[in-house]
Amino acid sequence: MIDTSAFQNKTAAYFTLGCKLNFSETSTFGQMLQNMGVRTARKGEHADICLINTCSVTEVADHKCRQAIHRMVRENPHSFVVVTGCYAQLEAETVSKIDGVDLVLGSNEKANLIQFLSEAWSRGGEKDALHEFHSVQTKDIRTFAPSCSRGNRTRYFLKVQDGCNYFCTYCTIPYARGFSRNPSIASLVAQAEQAAREGGKEIVLTGVNIGDFGVTTGEHFIDLVRALDQVKGIRRFRISSLEPDLLDDALIDYCASSRAFMPHFHIPLQSGSDEVLRLMHRRYDRSLFAHKIALIKEQMPDAFIGVDVMVGSRGEKPEYFEDCYNFLAGLDITQLHVFPYSERPGTSALSIPYVVNDKDKKLRSKRLLALSDEKTQAFYAKHIGRQAEVLFEKAARGKAMHGFTKNYIRVELPPSMAREEYDNQLIDVTLGEFNHDRSALKAIL
Ligand code: SF4
């Protein structure tokens, strides 16, 4: 039995590291606490509860998590400190021993945050740091913490899937988030309808390996897409990321003629060398990837295509990187998201003998980032002078307003033309020249 009075009039502060999924989940934790009577602490105000949602994608991420925990504890002495997320799952006991940490909740436990808090407080944990941790083994992670959050942004993030069954050799995510699982299409449609009722116009579908949707319910991702496409009021859906082997040709066909799924794809390639893809245990080769890009562009010539690439992974010999670079240079894609490889304890990549030094990793990143910039600028330049519908986002008073076109071009409205009432509105504009730092095209109303 949860003692709701224990939550009344408390304040909470949140800190999130990592991916969109984590941000979306933190916002849901905030909602759960708010429903119990806890309000978010104002800047500089002491918080009774501190919640840190961690990431473990790289060694640097682990380090940043520890720093964030120390900072939150320092800034909020006597606060009840909860740590959750991927780093908390992977290193639960270590994290629980950090000074000031009360409660560590792994991936299976975080959905029951309120219950864990209530139980800890009933044991008197509000006075001294408890240093408790609750985290089951990866194979036992079964819960799905639903999440559809708006946060401070115009867009909603709807979590449609969690976990991953792929076990790519460099990745710890399956260990941190468990096996793939998902809620039903009906429950996700209900969440999207709720977002529409709250005035939401754009929803981004998030997850760890979204294309794997259906393993729990026996449904298919394309059926989820078809069902969401019918949700009245939601004008735009985006899919945060889809593995190339799970991006069905039928899904591409559907998106090309759908009502609300945008011509915007984000596909993790990781390497453009077949040798490296094999070492990574990725489930496709580059010819499959090239086929997907060609098909998208054939059906949606103006589609924005973002591609994740990892540089300096174990086994990426110089000739393999050159091969990757040339492959990417020849693809009709819009932007590269470049990640330097980071050694992760417990991953099988550590048994690959060839190691890329940091200097080469940096040089490779730099070359790919320059290539990305070239491609993005060319894509933007092609659109100058065209008409486009832009969904504008809230801006601080006196600042330029920004928004995105259907195909994810960032558009800027100068402060003199920005209006509060444009926030969360779809407005037709003509796309003008580049803005001052070439990160957006100027809107002409
Ligand atoms: S598909 Fe591979 S890289 Fe992506 S989460 Fe799963 S194991 Fe990690």
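How many helices and strands does the protein chain have? Okay, let's start there. What we're looking at is a predicted model, and in it the chain has 13 helices and 18 strands. Its radius of gyration is 23 Å, close to the 22 Å that the globule rule gives for 445 residues, so the chain is as compact as a globular protein of that length. If you want a box around it, the C-alpha atoms fill roughly 65 × 60 × 45 Å along the principal axes.

Now, what about the inside? Of those 445 residues, 44% count as buried. And here's one on contacts: take the ones between residues at least 6 apart in sequence, and 75% of them join residues at least 24 apart.

Right, let's zoom in on one sheet. This one is open, has three strands in the order S11-S12-S13, and the pairing is parallel. Which strands stand at the edges? That would be S11, residues 264-270, and S13, residues 335-340. Each of these has a single partner strand, so one side of each is left without a neighbour in the sheet. Going from one strand to the next, the twist averages 20 degrees.

Let's look at one pair. S11 and S12, which covers residues 304-311, run parallel and are joined over six bridges. If you want a spot to find on screen, look for His-266, which stands opposite Gly-306 in S12.

Last stop, a helix. H13, residues 358-383, lies across S12 and S13. What angle does H13 make with S13? About 170 degrees. Okay, that's me done, thanks!

Terms used:
Residues numbered from 1 in each chain as written. Predicted model: local features only at pLDDT ≥ 70, side-chain atom pairs only at ≥ 80, totals over all residues. Pairing = 2+ DSSP bridges. Helix = DSSP H or I, 4+ residues; strand = E, 2+ residues; numbered from the N terminus. Axes fitted to C-alpha atoms, helices over the stretch in contact; angles between N-to-C directions. Contact = placed C-beta atoms within 7 Å. Rg over C-alpha atoms; globule rule 2.2 N^0.38 Å. Buried ≥ 20, exposed ≤ 12 C-beta atoms within 10 Å, placed from the backbone.
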